[in-house]
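Work through the exercises below with the model open beside you, and try each task before you read its solution.

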Amino acid sequence: MITWSTTGTPAGPFTAVVDGDGAVLASGWTDRLDALLPQVSPALRGDCTEVADLGPVTRAVHAYHDGEIGAVDGVPVRQRSGAFLEHAWDVLREVRAGEPVSYAEFAALAGRPAAVRAAASACARNAAALFVPCHRVLRTDGSLGGFRWGLDVKRWLLAHETHPGRE
């Protein structure tokens with residue numbers, strides 16, 4: 001059974017879609033399920049039931065926003081695509097909070113230093129924002145680049161991870 005829930009955070013409403021085993025399929029700063037479902041691989045989709053609380057996922061989201069930055073690190077995530085994208089998403093989970101990387105650095109970390117556009121595509125196609133921290137990837141010049149949930153949210157997240165409680 002796939003469940004979903006929206007909770008309030010300092011960065012705005014946050015919705016997560018979770019598989020029956022607790023793996024996050026999609027998430028982001030929205031209160032609209034239809035903003036998330038198109039990002040989920042068709043192989044992983046199913047009927048969704050809204051619930052008040054997603055247990056460990058909701059607790060991790062609140063703990064992260066309350067300053068426990070590592071609280072989301074152990075939450076399982078399930079995304080499906082090609083081999084490079086799946087590997088790149090795994091690599092993103094290793095980018096440390098407070099230590100953002102450039103798209104070029106991310107491409108190199110993913111084992112394909114010349115594939116900067118593919119690395120950017122991995123960020124753009126990431127369905128599990130926060131749990132797969134694509135917000136930690138910046139342009140080479142240090143500017144924010146893009147973010148599905150808006151640059152204000154990306155800016156807030158980066159500030160929160162650098163100085164929790166002072167964003």
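**Exercise 1. Find the element that holds Leu151, and decide whether this residue is buried, partly exposed or exposed.**

Solution. Begin with the secondary structure of this predicted model, where Leu151 belongs to helix α5. Next, take its relative accessible area, which is 36%; because buried means under 20% and exposed means over 50%, Leu151 counts as partly exposed. Then look for its partners: once the neighbours within four places in sequence are left aside, Leu151 is in contact with Leu144, Gly145 and Gly146. Finally, compare positions along the chain and in space, where Leu151 and His135 are 16 residues apart in sequence and their C-alpha atoms are separated by 9.3 Å.

**Exercise 2. Determine whether Gln79 is buried or exposed, and state which polar contact its side chain makes with another side chain.**

Solution. First locate Gln79, which is found in the loop between α1 and α2. Its relative accessibility is 9%, and therefore Gln79 counts as buried, since the cut-off for that class is under 20%. Now turn to its polar atoms: the side chain of Gln79 makes a polar contact with the side chain of Asn126 at 3.0 Å, and a polar atom of the Gln79 side chain also lies 2.7 Å from the backbone nitrogen of Ala127. Both Asn126 and Ala127 appear again among the contacts of Gln79 beyond four places in sequence, which also include Leu44, Glu86 and Trp89.

**Exercise 3. Identify which residues touch the most other members of the largest nonpolar core, and which element gives the most to this core.**

Solution. The largest nonpolar core has 52 residues, and within it Trp29, Phe106 and Phe131 touch the most other members. Several elements give two or more residues to this core, namely the strands β1, β2 and β3 together with the helices α1, α2, α3, α4 and α5; of these, α2 gives the most, with six residues. To see one well-connected member in detail, follow Trp29, whose contacts beyond four places in sequence include Phe14, His65, Phe147, Trp149 and Leu157. As background, nonpolar side chains tend to be buried together in soluble globular proteins.

**Exercise 4. Describe the largest cavity by its volume and its lining.**

Solution. The structure holds one cavity of 30 Å³ or more, and the volume of the largest cavity is about 40 Å³. Its lining includes Ser5, Phe14, Leu54 and Val61, while β1, β2 and α1 are the elements that give two or more residues to this lining. Sorted by character, the lining residues comprise five nonpolar, four polar and no charged ones.

Definitions and conventions
Residues are numbered from 1 along each chain as its sequence is written. This is a predicted model: local features need pLDDT of at least 70, side-chain atom pairs count only at pLDDT 80 or more; totals for chains, interfaces and linings use all residues. Side-chain values use heavy atoms; hydrogens and water are left out. A nonpolar core is a set of buried Ala, Val, Leu, Ile, Met, Phe, Trp, Tyr and Cys residues joined through side-chain atoms within 4.5 Å. Buried means under 20% relative accessible area, exposed over 50%, partly exposed in between (1.4 Å probe, protein chains only). Helices (H or I, at least four residues) and strands (E, at least two) are DSSP runs, numbered from the N terminus. Contact means heavy atoms within 4.5 Å. On a 1 Å grid over the protein atoms alone, a cavity is a set of points where a 1.4 Å probe fits but cannot get out, and a pocket is an open set with protein on both sides within 12 Å along at least five of seven lines; lining residues have an atom within 4 Å of a point. Grid points are joined across faces, edges and corners, and a volume is the space filled by probe spheres set on the points. Ala, Val, Leu, Ile, Met, Phe, Trp, Tyr, Cys and Pro count as nonpolar, Asp, Glu, Lys and Arg as charged, and the others, Gly among them, as polar. A polar contact is a pair of N or O atoms within 3.5 Å; within protein, one must be able to donate a hydrogen and the other to accept it, and residues adjacent in sequence count only if both atoms are side-chain atoms.
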